[in-house]
Amino acid sequence: MTISAPAKINLSLRVVGRREDGFHDIDTVVVKLPGLGDELVISESESFSFTCDTPGVPTDDSNLVVKALHAFETAAGITCTLSISLKKTIPHGAGLGGGSSDAAMTLKALNEIYGAPLGPDELHSIAASLGSDIPLFLMDGAVRCTGRGEILEPVPSPPALPIVLLKPSFPVATPDAYKRWQDSIELPGVTYAAQSVNGITLVNDLERPVFQKHRFLAEMKMWLLARKEVSAAMMSGSGSTMIAVLRDPNDSA
């Protein structure tokens with residue numbers, strides 16, 4: 001079985017507040033990017049093995065794919081004797097959900113391979129236990145995520161827009177971005193306000209803490225907004241990828 005694990009972007013990401021469990025309550029709308037994804041190849045084997053084509057990506061029990069498989073085994077009472085090979089296309093630490101998507105697609109694939117021993121609620125529970133943004137990849141279409149990200153609501157998919165993703169050479173750690181959120185300040189001369197494109201609201205509350213630490217990203221956003229070809233620009237998720245929404249070439253505005 002060969003499956004694609006799509007990337008995601010956050011169209012809006014509002015941080016509501018810090019929770020007593022250390023996580024943050026958020027309100028975010030997420031869409032998947034069918035043109036960008038990792039590839040998982042799953043085949044029969046005498047015992048479980050996991051490999052990845054990208055140096056530096058862990059292949060031990062710390063990898064979310066491996067965690068997903070072991071969690072599935074425990075919940076379903078099944079020993080998975082499979083070989084899983086991961087081909088990475090989504091960059092690490094980019095705010096595009098690569099690892100989370102890999103884990104979610106692994107859960108869906110295992111459930112299909114072994115005859116669906118787990119229902120949707122059980123898969124969701126496993127996904128939520130592994131990471132806040134893993135459950136959203138179990139759903140099709142656009143999703144609104146609240147709570148710490150595990151409460152899901154399908155929403156109408158937005159119209160297709162031409163976008164360019166710019167990923168600098170450095171990653172951003174999601175826990176660090178949230179840790180800095182409460183005490184972060186806005187940089188002078190940098191636009192943080194919500195932007196509207198074709199009825200879609202684009203805003204990201206994590207730009208404030210991430211830009212304060214990585215000023216290059218703030219400069220990148222403002223450089224993009226100054227381009228006549230760009231109608232909106234914003235960081236995706238916790239970064240470091242910047243999203244540029246391109247203008248319609250026939251639009252004279």
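**Salt bridges, sheet and cores in a predicted model**

Q: How many salt bridges does the rule give, a salt bridge being a side-chain nitrogen of Lys or Arg within 4 Å of a carboxyl oxygen of Asp or Glu?
A: This is a predicted model, in which local features need pLDDT of at least 70 and side-chain atom pairs count only at pLDDT 80 or more, while totals for chains, interfaces and linings use all residues. Residues are numbered from 1 along each chain as its sequence is written, and side-chain values use heavy atoms, with hydrogens and water left out. By the stated rule, the count of salt bridges is ten.

Q: Which residues are linked with Asp-25 in a network of salt bridges?
A: Asp-25 forms a salt bridge with Arg-19, with the closest N and O atoms 3.1 Å apart. Both are partly exposed, that is, between the limits for buried (under 20% relative accessible area) and exposed (over 50%; 1.4 Å probe, protein chains only), with 27% for Asp-25 and 23% for Arg-19. The network that contains Asp-25 also holds Arg-19 and Asp-21.

Q: Is Lys-88, the salt-bridge partner of Asp-102, buried or exposed?
A: Asp-102 and Lys-88 meet through their side chains at 3.4 Å, N to O. The pair links distant parts of the chain, 14 residues apart: Asp-102 is in helix α2 (residues 98–113) and Lys-88 in the loop between β4 (82–87) and α2; helices (H or I, at least four residues) and strands (E, at least two) are DSSP runs numbered from the N terminus. Asp-102 has a relative accessible area of 3%; with a relative accessible area of 18%, Lys-88 is buried.

Q: Which helix packs on the sheet formed by β7, β11 and β10?
A: The three strands form an open sheet in the order β7-β11-β10 with antiparallel pairing, where two strands pair if DSSP finds at least two bridges between them. The edge strands, each pairing on one side only, are β7 (163–166) and β10 (230–235). The helix touches β7, β10 and β11 (contact means heavy atoms within 4.5 Å), and its direction makes about 165° with that of β10, by axes fitted to C-alpha atoms, for helices over the stretch in contact, with angles from 0 to 180 degrees between N-to-C directions. This helix is α6 (residues 215–225).

Q: Which residue in β11 stands opposite Met-235?
A: Strand β11 (residues 242–246) runs antiparallel to β10 and is joined to β10 by five bridges. The residue opposite Met-235 is Met-242.

Q: Which element gives the largest share of the largest nonpolar core?
A: A nonpolar core is a set of buried Ala, Val, Leu, Ile, Met, Phe, Trp, Tyr and Cys residues joined through side-chain atoms within 4.5 Å. The largest one has 33 residues, and those with the most contacts inside it are Leu-40, Phe-72, Cys-80, Ile-84, Met-105 and Leu-107. Elements giving two or more residues include β1 (2–18), β2 (24–44) and α3. The largest share, six residues, comes from α2.

Q: What is the relative accessibility of Thr-106?
A: Thr-106 lies in helix α2. Not counting residues up to four places away in sequence, Thr-106 touches Leu-40, Val-65, Ala-68, Leu-69 and Ile-84. Thr-106 counts as buried because its relative accessibility is 0%.

Q: Which helices do the buried residues of α3 pack against?
A: In α3 (residues 120–130), Leu-123, Ile-126, Ala-127 and Ala-128 are buried. The buried residues of α3 pack against α1 (64–76) and α2.
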